[in-house]
Amino acid sequence: RIKNIAMSALASKPKKGVETSEKVSRIRITLSSRKVKALEKVCSILISRSKQRGLEFYGPVRLPTKYLRITTRKSPCGEGTNTWDRFQMRIHKRVIDLHSPSDVVRQITSINIEPGVEVEITIPE
């Protein structure tokens, strides 16, 4: 809660490399994937592009991993020994907050995103 207040105070100050004529808004980028390496690669590209443009950002914040588990019987007919298969899928999430005009975010996010990485961009009002 304290971080949000401090970040909103910082958002009102003029920044290097960003025109002050445009409205600076807070933009949240949520990345999710089953592959950690692809997810971290996309995060590092977004962060490096933000640093090049001199934007303020916060993150990547690593959210807890979701484990989707399914336990099923190995035997198709139900006869025989009770043996079980256990399958699981892990979903990893990262959150990056940017303070910049929306057209600058379009330039930053116009990258080749790794297959299997989902990107969700929200602008809280």
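Helices (H or I, at least four residues) and strands (E, at least two) are taken as DSSP runs and numbered from the N terminus.

**Figure 1. Overall fold of the predicted model.** The protein contains three helices and four strands. Along the sequence these elements follow the order α-β-α-β-β-α-β. Of the 125 residues in the protein, 27% are buried. Among contacts between residues at least 6 apart in sequence, 74% join residues at least 24 apart. The exposed area of the protein is about 8900 Å², and carbon and sulfur atoms supply 52% of it.

**Figure 2. The largest nonpolar core.** This core has 17 residues, and Ile29, Leu31, Val42, Leu46, Ile96 and Val117 touch the most other members. At least two core residues come from each of strand S1 (25-33), helix H2 (36-53), strand S3 (84-100) and helix H3 (102-108). H2 gives the largest share, six residues.

**Figure 3. Surroundings of Ile96, one of the core residues that touch the most other members.** With residues up to four places away in sequence left out, Ile96 touches Ile27, Arg28, Ile29, Leu31, Cys43, Leu46, Ile47, Tyr58 and Pro60. Among these partners, Ile29, Leu31 and Leu46 are also listed with Ile96 as core members that touch the most others.

**Figure 4. The salt bridge between Arg28 and Asp97.** The structure holds five salt bridges. In the one shown here, the closest N and O atoms of Arg28 and Asp97 are 2.8 Å apart. Arg28 belongs to strand S1 and Asp97 to strand S3, so the pair ties together parts that are 69 residues apart in sequence. Arg28 is partly exposed, at 30% relative accessibility, whereas Asp97 is buried, at 6%.

**Figure 5. The salt bridge between Arg62 and Glu40.** The closest N and O atoms of this pair are 3.3 Å apart. Arg62 is in strand S2 and Glu40 in helix H2, and the pair links distant parts of the chain, 22 residues apart. Glu40 has a relative accessible area of 23% and counts as partly exposed.

**Figure 6. The salt bridge between Lys74 and Asp85.** Here the closest N and O atoms are 4.0 Å apart. Lys74 is located in the loop between S2 and S3, and Asp85 in strand S3, so this salt bridge ties together parts that are eleven residues apart in sequence. Both residues are partly exposed: Lys74 has a relative accessibility of 48%, and Asp85 has a relative accessible area of 26%. Elsewhere, Glu40, Arg62 and Arg94 are joined into one network by salt bridges that share partners.

**Figure 7. Val119 and its contacts.** Val119 is part of strand S4 (residues 117-122). Its relative accessibility is 33%, so Val119 counts as partly exposed. Apart from neighbours within four places in sequence, Val119 is in contact with Ile29, Thr30, Leu31 and Ile113. The C-alpha atoms of Val119 and Arg94 are separated by 9.8 Å, and the two residues are 25 residues apart along the chain.

**Figure 8. A nonpolar patch on the surface.** The patch is formed by Tyr58, Val61 and Leu63, which together have about 200 Å² of accessible area. Leu63 is found in strand S2 (residues 56-73). The relative accessible area of Leu63 is 33%, which makes this residue partly exposed. Patch members need over 30% relative accessible area, so Leu63 at 33% passes that cut-off. Tyr58, another patch member, is also among the residues touched by Ile96.

Note on methods: Residues numbered from 1 in each chain as written. Predicted model: local features only at pLDDT ≥ 70, side-chain atom pairs only at ≥ 80, totals over all residues. Heavy atoms only, no water. Patch = residues over 30% accessible without salt bridge, like charges linked within 9 Å, V, L, I, M, F, W, Y side chains within 5 Å. Areas by Shrake-Rupley, 256 points an atom, 1.4 Å probe, with all protein chains shown as cover. Salt bridge = Lys/Arg side-chain N within 4 Å of Asp/Glu carboxyl O. Buried < 20%, exposed > 50% of the residue type's maximum accessible area, 1.4 Å probe, protein only. Contact = heavy atoms within 4.5 Å. Core = buried A, V, L, I, M, F, W, Y, C linked by side-chain atoms within 4.5 Å.
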